[in-house]
Amino acid sequence: MTALGVLIRVAARRVALLVALLAVVFVAVDLLPGDAARAALGRDATQAQLAAARHELGLDRALPLQFARWISGVLTGDFGTTARGRPIGALLADAVPPTLLLGGIALALTVVGSLALGVWWTVRPDALGARLLQPVTVVGVAIPEFVVGTLLILVFSLATGLLPAVTVTGRDGWPAGPEMLVLPVLALAIPQIGWNTRIVRSALADVARLPHVEAAVLDGLPPRIVVLRHMFPFALPTVLAGYATSVGMLLGGALVVETLFNYPGVGALLAGSVADRDTSLVAAVVAVTGVVIMGLLVIADATRAWAMRELR
């Protein structure tokens, strides 16, 4: 099978997995106490008002029918409306770009930081800083994003007052200044830098045993040249696979980090939709996030396949 055929098959599997995940979302929200009609009308609503609202929202239908109706609308580009009557598409259009900005900056920082640390760890393994990377990266991987974010708030906001702990938005709905992005980006990037640094170091260590690398070392080439010219190209497929995994982890972690820092993105939208038991909005957030992650993973898979083909 050609590389294109493999990518198409992988993409089809991911689409099927996303549809299954959306079905699980419908079931999970349905199992929560209360419903969207009660959340929209409040506690003072009468039974007649609740029944009318449930009928209008389609909540009185069987759950499979609700899911089929919703996903058929999604296929035509219509995400529907929330229980409060707001267009879901407009809400997503406002929330997705800030989340992509946050995740994109965190991914760029992850790539630069992990490559620099991983290569340095390989070139100078006996240096004190390189020896410290072993425990530091383990700790970075083990601590989740919300714990990292909380520690950053304690140090840089409460203790020193250097950076804001809460995101303040301007009239356009975006963060009022670049300083608002620093702590959320660090909270996302630090665990991924630790994890990918170990991947880069491990990939380069595996490649170091190849004959052409040993020959380059015996020829007396500087360690930096050996790593960058003779080792890194062969480690690239493994490194790219690590970054592809980080894409999903960054966007997933962004939902938690945004809630912690009150960042105006998909995380805040998802938190509100769960509180309102708004199944359509929750599923729409999962669908958009899943499509973005899936698209980026396909690009990463294609890049990895191209790199492996070139190295042959």
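Two aromatic pairs are counted in this predicted model, and the ring pairs join F26, F67 and W70 into a cluster. The chain around that cluster is helical, with 12 helices and zero strands, and 38% of its 312 residues count as buried. The points below take the aromatic cluster first, then the nonpolar core, the cavity, the annotated span and the overall fold.

**Aromatic cluster**

- The ring centres of F26 and F67 are 5.2 Å apart and the ring planes stand at 80°, which is over the 60 degrees required, so this pair is classed as edge-to-face.
- Because F26 belongs to helix α1 (residues 3-31) and F67 to helix α4 (residues 63-75), the pair ties together parts of the chain that are 41 residues apart in sequence.
- The rings of F26 and W70 have centres 5.7 Å apart and planes at 55°, an angle that lies between the two limits of 30 and 60 degrees, and therefore the pair is tilted.
- This pair too links distant parts of the chain, with F26 in helix α1 and W70 in helix α4, 44 residues apart.
- With a relative accessibility of 3%, F26 counts as buried because the value is under the 20% cut-off; W70, at 6%, is likewise buried, and F67 is also counted as buried at 15%.

**Nonpolar core**

- The largest nonpolar core holds 26 residues, of which L22, W70, F79, L92, L269 and V285 touch the most other members; W70 is thus listed here and also takes part in the aromatic cluster.
- Helices α1, α4, α5, α11 (266-275) and α12 are the elements that give two or more residues to this core, and α12 gives the most, with eight residues.

**Cavity**

- A search of the whole structure finds one cavity of 30 Å³ or more, and the largest cavity contains about 70 Å³ of space.
- The residues that line the largest cavity are V96, T99, L100, L251, L255, V266, V288, T289 and V292.
- Two or more lining residues come from each of α5 (88-123), α10 (223-261) and α12 (279-311); of these helices, α5 and α12 are also named among the elements that give two or more residues to the largest nonpolar core.
- Sorted by class, the lining of the largest cavity comprises seven nonpolar and two polar residues, with no charged residues.

**Annotated span**

- An unreviewed UniProt entry carries the annotation "domain: ABC transmembrane type-1", which according to that record covers residues 96-298.
- In the model, the C-alpha atoms at the two ends of residues 96-298 lie 20 Å apart, and the span is 81% helix and 0% strand.

**Overall fold**

- Followed along the sequence, the chain has the pattern α-α-α-α-α-α-α-α-α-α-α-α, in keeping with its count of 12 helices and zero strands.
- Taken along the principal axes, the C-alpha atoms of the chain fill a box of roughly 85 × 60 × 30 Å.

Methods: Residues are numbered from 1 along each chain as its sequence is written. This is a predicted model: local features need pLDDT of at least 70, side-chain atom pairs count only at pLDDT 80 or more; totals for chains, interfaces and linings use all residues. Side-chain values use heavy atoms; hydrogens and water are left out. Rings of Phe, Tyr and Trp (its six-membered ring) pair if their centres lie within 6.5 Å; planes under 30 degrees apart count as stacked, over 60 as edge-to-face and the rest as tilted. Helices (H or I, at least four residues) and strands (E, at least two) are DSSP runs, numbered from the N terminus. Buried means under 20% relative accessible area, exposed over 50%, partly exposed in between (1.4 Å probe, protein chains only). UniProt positions are given in the numbering used here, feature names are shortened, and annotations may be inferred rather than shown by experiment. On a 1 Å grid over the protein atoms alone, a cavity is a set of points where a 1.4 Å probe fits but cannot get out, and a pocket is an open set with protein on both sides within 12 Å along at least five of seven lines; lining residues have an atom within 4 Å of a point. Grid points are joined across faces, edges and corners, and a volume is the space filled by probe spheres set on the points. Ala, Val, Leu, Ile, Met, Phe, Trp, Tyr, Cys and Pro count as nonpolar, Asp, Glu, Lys and Arg as charged, and the others, Gly among them, as polar. A nonpolar core is a set of buried Ala, Val, Leu, Ile, Met, Phe, Trp, Tyr and Cys residues joined through side-chain atoms within 4.5 Å.
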